[in-house]
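Dear colleague,

I am handing over the structure we talked about, and my notes on it follow below. Please look through the sequence and the structure before you read on.

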Amino acid sequence: MSLVPDIDEGSRPVIVWFRDDLRLADHPALDAAQRSGRPLICVYVVEDAHSGVRAPGGALRWWLHQGLQALGNNLLRQGGELLLLSGQASQRLLELAMRTQAAGIFWNRRYGQAERSQDAQIKQLFREQGRFANSLPGAVLYEPWTVRPGDDRPYQVFSAYWRACQRLGPPSMPLPRPARWLFAEVDRRGVAGCTSLADLDLQPRHPDWAGGLRDAWAAGEDGAWRRLEEFLDETLQGYAEGRDFPGRDACSRLSPYLRLGHLSPRQVWHAVWSSATMHRLSGQDVDKFLSELGWRDFCYYLHYHYPDLSRHNLQPSFDAMPWRDDAGALRTWQQGRTGFPLVDAGMRELWSTGWMHNRVRMVVASFLVKHLLLDWRHGEAWFWDTLVDADAASNPASWQWVAGCGMDAAPYFRIFNPVLQGQKFDPHGDYIRRWVPELAKLPDRVLQQPWTATAAQARAAGVRLGQDYPLPCVEHALGRERALQAYAQMRGRTRPD
Ligand code: FAD
C-alpha cells in the first residue's frame with residue numbers, strides 16, 4: 001500500500017539519502033535530485049549492526065545528534081523535513097520507496113568495504129523494482145579509483161600519491177545549494193522504522209559527559225562556515241609554522257565538520273585557494289594546508305584499498321610484535337594520569353572536548369605503543385569512542401602510521417620523547433597549564449618534567465607530586481629501551497632465515 005494517492009510518473013518523488021554529508025550546499029545527490037524536477041524525500045537512516053558499517057562511538061553519536069538537528073532545521077526553513085529511520089538501511093529505504101511510490105534514490109558515495117557492499121545491494125534491489133538508484137562523488141577531493149599508480153599496486157607513499165592527485169588538476173568546483181525546493185509530503189505514520197531524534201537516544205544522559213563538547217562545537221553548516229571563515233581570516237597565514245604548536249590557535253579545527261560533512265573537502269579546498277589568491281598568501285601556508293587535506297584523502301584511499309585498516313597491520317611483520325597486556329596502564333593513559341604533562345594534557349583535552357591537536361595526537365599515540373608497549377588497536381578504539389571527528393579511514397590509518405605498521409609510516413624505532421616534544425612545541429606551557437591545571441603554577445623550567453621540581457618549587461606551586469599529580473608511570477629511558485627490544489624481537493621473529 002502506498003502512503004500517497006496514485007500519482008503520475010512525472011511527479012513521483014525521489015529519495016535523497018543523507019549519510020556523511022549533513023549539508024545542503026555542494027551535495028551532489030541533493031543537486032541531482034533537485035534537478036530531476038521531482039519532489040524530494042530527504043532521509044537519514046541510523047543503521048543497525050547488521051550493515052557492517054562501523055557503529056559510531058559515544059562522542060560521534062553526540063555530534064551526529066547535533067548535525068541531524070541542524071540539517072533538519074535547515075530543511076525546515078526550506079519548507080521540507082528530514083525523515084529519520086532506524087534499522088537496516090536497504091530494507092528501510094526500499095519500504096520507504098514502495099510506500100511513497102518514489103521513482104528512485106540518490107546518495108553520495110562512501111568508500112569503505114561495508115559501505116560499498118551495502119550500496120551495491122541497494123542499487124540492485126531498487127533496480128529490480130524498476131526504480132533508479134544513483135550514487136555520486138562523496139567526501140573526498142579525488143575518488144580513490146581516479147588516482148592511478150603506474151603499476152597495479154596502490155600508492156604506498158603519500159608524496160607520490162599527492163603528486164598524482166595534483167596531476168589530475170584541482171578538485172571539481174563545489175555545487176551551489178539548490179535555489180528552488182519542492183518536497184514530497186510524506187505521512188510518517190506507517191513508514192517503517194520512522195523515529196524521532198529524541199528516540200534515537202544519541203546523546204548521553206546519566207551521566208551527561210557532553211558539557212565540554214557543547215562548549216567546544218557549534219554544529220551545522222552555519223557553524224562550519226563560521227569556523228572556516230575565522231580560519232581564513234586569522235589563521236591560514238602562518239599555518240605551516242604554527243600548526244605544530246598546540247597552545248596556539250593555529251590550525252583549522254575543521255575535522256569534526258568534515259567528518260559528518262557539514263562542509264565538503266572540495267568546499268574547503270576552493271575557499272582556501274580563492275582566499276589565498278585574493279590576499280596573496282604565502283604559498284607555503286596554502287600548500288601545507290592543502291596537503292593536509294591530501295592526507296585525509298590518502299587515508300580514504302588506503303581504506304578503500306585495505307578495508308581491514310582498523311583490524312590488521314598493513315605491514316604483516318607487526319603481527320609478531322610482543323605487545324604487552326596491561327589494562328591498568330591503558331586506563332592510566334585514557335584518564336590522562338601518566339605523569340607526562342604533554343601526554344596527560346592531550347588525553348584530557350580529548351575527554352573534555354572530543355578533539356585533540358594533531359601534534360599531541362602523535363605524541364600520545366606514540367606513548368601508548370612505545371613507552372607502554374600496548375597494541376595500537378587499543379588506542380584506536382579509545383579515539384574512536386571519544387573523538388567527535390572519529391573517522392573510519394583517518395583514525396586507523398594515523399594509528400598505524402604512528403605505530404610504524406602503516407603506509408609511509410614513521411619508523412617504529414623513532415621514539416618521541418614527550419618531555420622534549422613539550423619543550424619544543426609548548427615551550428611556555430600554555431597548553432599544559434590549560435589542561436593540567438594542577439601544574440599551572442610550576443615554572444616553565446620544570447613544567448614538562450614535574451618530577452624534577454624541588455620541594456620548594458612544588459610547594460610554591462601548590463602541588464603535591466605523587467598525590468595531586470602522578471609521578472611518571474614509566475621512566476622514559478626504560479620505556480624506550482623496552483620498546484626497542486620488543487621491536488628487535490619482532491624483527492628476529494619475522495626475519496627470513
Ligand atoms: P588542520 O591541521 O587544520 O588540517 C585540515 C584538515 O586536514 C583536517 O581537518 C583533517 O581533515 C585533515 N588532516 C590534517 N591532518 C591530517 C592527518 N594527519 N591525517 C588525515 N587528515 C588530516 N583525523 C580525523 O579527521 N579523524 C580521526 O579520527 C583522526 N584520528 C587520528 C589519530 C591519530 C593517532 C593521529 C596522529 C591523527 C589523527 N587524525 C584524525 C588526523 C589529524 O590529527 C586531525 O585531522 C587534525 O588534528 C584535525 O585538526 P584540524 O582540523 O585543526 O586540522
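How far apart do the C-alpha centres of domain 2 and domain 3 lie? In this model, which is predicted, the two centres are 27 Å apart, and the contact draws on 21 residues from domain 2 and 25 residues from domain 3. For orientation, the chain is divided into domain 1 (7-138), domain 2, which is made up of 140-173 and 220-305, and domain 3 (316-488).

The size of an interface is often given as the accessible area lost when the parts come together. Here domain 2 and domain 3 bury about 1,900 Å² between them, with 61% of that area on carbon and sulfur atoms. On the side of domain 2, the residues that lose the most area to domain 3 are Asp244, Pro246 and Arg259, which together account for 29% of what that side buries.

Asp244 appears again when we turn to charged pairs, since Arg359 forms a salt bridge with Asp244 in which the closest N and O atoms are 3.2 Å apart. Across the interface of domain 2 and domain 3, 1 salt bridge is found, while the count of residue pairs in polar contact between these domains is 8.

As for the elements on the side of domain 2 that touches domain 3, those giving two or more residues are α5 (158-167), α10 (255-259) and α12 (283-305), and α12 gives the most, with 7 residues. Sorted by class, that side of domain 2 has 11 nonpolar, 5 polar and 5 charged residues.

With best wishes

Conventions:
Residues numbered from 1 in each chain as written. Predicted model: local features only at pLDDT ≥ 70, side-chain atom pairs only at ≥ 80, totals over all residues. Heavy atoms only, no water. Domains from an automatic or database assignment. Contact = heavy atoms within 4.5 Å. Buried area = accessible area lost by both parts, 1.4 Å probe. Salt bridge = Lys/Arg side-chain N within 4 Å of Asp/Glu carboxyl O. Polar contact = N/O pair within 3.5 Å; in protein donor to acceptor, adjacent residues only side chain to side chain. Helix = DSSP H or I, 4+ residues; strand = E, 2+ residues; numbered from the N terminus. Nonpolar A, V, L, I, M, F, W, Y, C, P; charged D, E, K, R; others polar.
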